[in-house]
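Subject: Handover of a structure for your review

Dear colleague,

Please find below the structure that I am passing on to you. My notes on it follow directly after the display.

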Amino acid sequence: MTTSSINTQSKTFMHYRVCNFCEAMCGLAIEHDGKQVLSVKGDEKDPFSKGSICPKGAVIAEMYNDPDRLRKPLKKTSSGFVEIGWEEAFDIVGKRLNAIRKEQGNDAVGLYFGNPTVHNYGAMMYVADFKKTIRTKNNFSATSMDQLPHHFASQFMFGNGMIVPIPDINRTDYMIIMGANPSASNGSIMTAAGVQKRLRDIQQRGGKYIVIDPRKTETAKSADEHLFIVPGADVYFLLAMLHIITTEKKYNLKKLTSHVIGLDKVLSIATPYSPESVSSITGIAAEDIKRITDEYVNTEKAVLYGRMGVSTQEFGGLCNWLINLINILTGHFDTEGGAMFTNPAVPMVKNKVGHKPYNRWKSRVQGLPEFQGELPVSTMVEEMTTKGKGQIKALVTHAGNPVLSSPNGGRLDEALDQLEFMVSIDIYLNETTKHADIILPPTTGLEVDHYDLIFNSFAVSNTTKFSEALFPPKYGQLHDWQIFKNLTKRLSKKKLPLLYRVSTPKLLLKLALLNGPYGNLSSIKRLFTGLNLRKIKRSIHGIDLGPLVPMFPKLLRTEDQKIHLAPSLFLEQLEELHVAFSDGKNALADNEFHLIGRRHLRSNNSWMHNVDKLVSGKNRCTAMMNTQDAERLGLKEEDEVKVKSRVGEIKIPIELTKNMMPGVISIPHGFGHTRKGSQLKVAEAHAAGVSFNDISDHNRIDALTGNAAFSGQIVKVIT
């Protein structure tokens with residue numbers, strides 16, 4: 001049986017799969033006639049998503065049929081791009097990259113991987129071997145513009161960067177949401193299809209959820225309470241919570257008491273940060289901080305959750321550490337209704353104990369340390385433009401558009417033109433791939449098998465589902481994993497092992513499932529009853545593997561099998577924060593604002609902007625501003641203003657609203673489809689806008705983790 005069923009009366013077919021456009025893992029029910037899609041609805045029988053669907057999943061066929069989508073390799077010539085065959089393309093890439101590696105070393109080749117890489121299990125299965133073959137230290141990805149602080153805190157507290165706490169939203173009675181807008185993101189590092197219903201369910205069972213954010217977001221509008229917070233001040237709010245918990249002895253680690261180390265060190269670190277002392281910095285009244293902390297501590301099933309807004313700021317690493325610390329100290333960790341851990345069918349947490357993937361090398365120019373084999377993307381441009389040994393001379397990108405997504409993208413736009421060679425694995429000729437000498441377009445969407453390796457690991461309940469491809473690839477098309485295998489073959493100095501040469505993602509997935517926690521080989525008891533790929537494929541709507549369960553101390557990968565509450569790196573940066581706290585915050589000038597980003601349910605960065613149904617209607621690329629600020633500056637709705645930062649300026653219409661905190665403006669991320677040379681007709685016509693990252697400062701990073709600090713940058717609004 002496959003992931004399809006047949007309606008014999010109407011001669012149509014039903015195909016069931018998981019949408020891979022965001023983290024939510026919504027099940028789709030796709031009606032088709034064998035040649036084209038007739039309708040797309042949410043799969044009501046999917047045990048995880050239960051019929052939820054958003055506008056992105058509804059247009060999966062439009063993405064698949066996009067006329068701008070590339071289907072054959074392209075080679076750049078003096079007169080533009082021309083189509084070539086795969087063998088010629090692979091030969092050119094292999095020859096050019098090998099020559100650069102031979103002449104200038106492996107580090108002369110840089111790698112960049114965009115977010116869609118982790119939405120593709122075939123790419124995930126083979127990208128590691130590709131990286132090992134290149135053997136470059138200049139490895140970058142979207143992780144250091146997004147979620148690196150989560151993984152950083154997990155590595156140093158729990159021994160592995162993939163041991164990431166997930167809110168048990170299905171059973172909690174009190175949820176504090178900081179810097180996250182799950183109603184627009186569908187959940188982020190909290191895979192939660194149908195998240196709006198899950199939030200309503202908290203309220204319907206007598207609980208509540210609170211949103212703390214500089215903008216009254218879509219999530220905040222339905223919350224029990226919303227409080228504005230000054231961008232970048234989240235760390236002070238969290239320290240004030242910790243101050244109350246420790247000075248008033250409200251901490252109780254419960255079952256984890258014997259599994260922690262460093263408790264004595266963290267009980268006094270928040271002493272200077274009373275609610276009264278941080279009130280003016282955060283913009284939140286001391287009474288509110290006290291009340292919320294007491295409500296959270298005194299609710300048996302409660303969880304503190306922070307996401308994008310608390311990660312992409314100058315103290316994002318401290319924020320994620322403090323969130324974990326507060327959940328642990330109050331007994332809201334690894335327990336029902338608190339912060340828990342998924343137990344996926346294919347574990348991403350390896351059994352290796354004591355592995356320390358940090359600071360094994362540093363970036364050549366700024367000396368920033370690597371983490372999990374990657375350098376911060378904020379340093380990528382200077383590694384291209386600064387002469388010397390190890391300078392990036394060639395670049396390989398996969399499924400990314402860093403010209404629009406990375407800090408000071410205009411600077412990268414210029415740097416890419418200086419490379420000796422560039423190859424992009426991508427389905428679009430976009431603002432980044434237009435610089436490539438060779439573009440290798442993989443299959444996508446409905447012609448690709450799908451299994452969520454990563455997001456099953458972040459899900460709010462344990463689940464598994466395999467999606468067969470609906471349509472076969474057109475003749476001559478290759479999957480991402482086939483492209484990686486071909487490139488690895490041409491770049492490897494040794495003959496690749498037979499197992500690698502004959503392997504496929506499906507074969508590797510079969511083996512991983514058999515060896516996973518539910519698999520046939522996981523125990524003698526499961527030898528004949530365990531989970532395997534055949535059983536998953538037969539369950540066309542997916543399999544519910546149960547709610548989250550306590551996983552500690554078994555899941556820990558620290559050498560001493562303890563949770564490290566006070567890693568030295570975090571304590572050291574806390575000392576730097578003490579200095580900043582003592583110095584105080586400078587007041588903003590009349591035309592100065594804190595800048596924050598925002599996301600829309602119809603967008604996922606820049607790669608969803610070439611579908612008409614997702615970008616039609618009202619212009620969403622606006623600068624949201626509080627009505628009081630607009631009146632003070634003499635501005636009215638849709639007036640165009642100039643927003644200027646240290647690194648650049650953009651012109652953008654303003655959108656007036658009471659949902660913005662005074663002194664803060666919000667500009668969405670992923671727009672700016674105005675650069676010549678791309679081939680995105682819909683995006684250029686209906687979603688051009690301006691790029692947030694033409695004014696984001698590449699020098700603003702979280703010094704602890706290296707993550708880009710987009711949130712809270714001070715800009716000037718010029719009328």
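In what follows, two strands are said to pair if DSSP finds at least two bridges between them. Please note that this is a predicted model.

**The barrel**

With that definition, 6 strands make up a closed barrel, in the order 24-28-25-27-26-29 and with mixed pairing. From one strand to the next, the twist averages 45°. Strand 24 (residues 592–596) and strand 29 (residues 713–718) run antiparallel and are joined by 4 bridges. Within strand 29, V715 is the residue that stands opposite F593.

**The chain as a whole**

The protein chain contains 25 helices and 29 strands. Its radius of gyration is 25 Å, close to the 27 Å that the globule rule gives for 719 residues, so the chain is as compact as a globular protein of that length. Taken along the principal axes, the C-alpha atoms fill a box of roughly 65 × 65 × 55 Å. Of the 719 residues, 62% count as buried. The chain exposes about 28000 Å², of which carbon and sulfur atoms supply 51%. As for contacts between residues at least 6 apart in sequence, 73% of them join residues at least 24 apart.

**The open sheet**

A separate entry concerns an open sheet of 4 strands, which has the order 12-11-10-14 and parallel pairing. Strand 12 (225–227) and strand 14 (302–306) stand at its edges; each has a single partner strand, so one side of each is left without a neighbour in the sheet. The twist in this sheet averages 15° from one strand to the next. Strand 14 pairs with strand 10 (residues 174–178) in the parallel sense, over 5 bridges. Here G306 of strand 14 stands opposite M178.

**Strand 3 and its two partners**

Strand 3 (residues 27–32) has 5 of its 6 residues buried, so it is largely enclosed by the rest of the structure. Strand 2 (residues 12–18) runs antiparallel to strand 3, and 6 bridges join the two. One residue pair to look at is Y16 with its bridge partner A29 in strand 3. Strand 3 also pairs with strand 4 (residues 37–42), again in the antiparallel sense, over 5 bridges. In that pairing, V37 of strand 4 is the bridge partner of H32. Strands 3 and 4 form a hairpin with 4 residues between them, and G34 in the turn has a positive phi of about 95°.

**Two buried helices**

Helix 9 (residues 234–247) has 14 residues, which at 1.5 Å a residue should span 20 Å; its end C-alpha atoms are 20 Å apart, in agreement with that value. Because 13 of those 14 residues are buried, helix 9 is largely enclosed by the rest of the structure. Just after this helix, K249 takes a positive phi of about 50°.

Helix 18 (residues 480–491) has 12 residues and reaches 16 Å from its first C-alpha to its last, close to the 16 Å expected at 1.5 Å a residue. In helix 18, 10 of the 12 residues are buried, so this helix too is largely enclosed by the rest of the structure. Its buried residues include W481, F484, K485 and R490.

**Two loop residues**

N186 lies in the loop between helix 6 (182–185) and helix 7 (195–204). With a relative accessible area of 10%, N186 is buried, since buried means under 20%. Leaving aside its neighbours within four places in sequence, N186 is in contact with C22, A24, C54, K56, A192, V195 and L601.

P47 is found in the loop between strand 4 and helix 1 (55–58). Its relative accessibility is 26%, and P47 therefore counts as partly exposed. Not counting residues up to four places away in sequence, P47 touches H541, G542, I543 and D544. P47 and T219 are 172 residues apart along the chain, and their C-alpha atoms are separated by 24 Å.

With kind regards

How values were computed. Residues are numbered from 1 along each chain as its sequence is written. This is a predicted model: local features need pLDDT of at least 70, side-chain atom pairs count only at pLDDT 80 or more; totals for chains, interfaces and linings use all residues. Side-chain values use heavy atoms; hydrogens and water are left out. Axes are lines fitted to C-alpha atoms, for helices over the stretch in contact, and angles run from 0 to 180 degrees between N-to-C directions. Buried means under 20% relative accessible area, exposed over 50%, partly exposed in between (1.4 Å probe, protein chains only). The expected span of a helix is 1.5 Å times one less than its number of residues. The radius of gyration is taken over C-alpha atoms; the globule rule is 2.2 Å times the number of residues to the power 0.38. Contact means heavy atoms within 4.5 Å. Accessible areas come from the Shrake-Rupley method with a 1.4 Å probe; for residues, only the protein chains shown count as cover.
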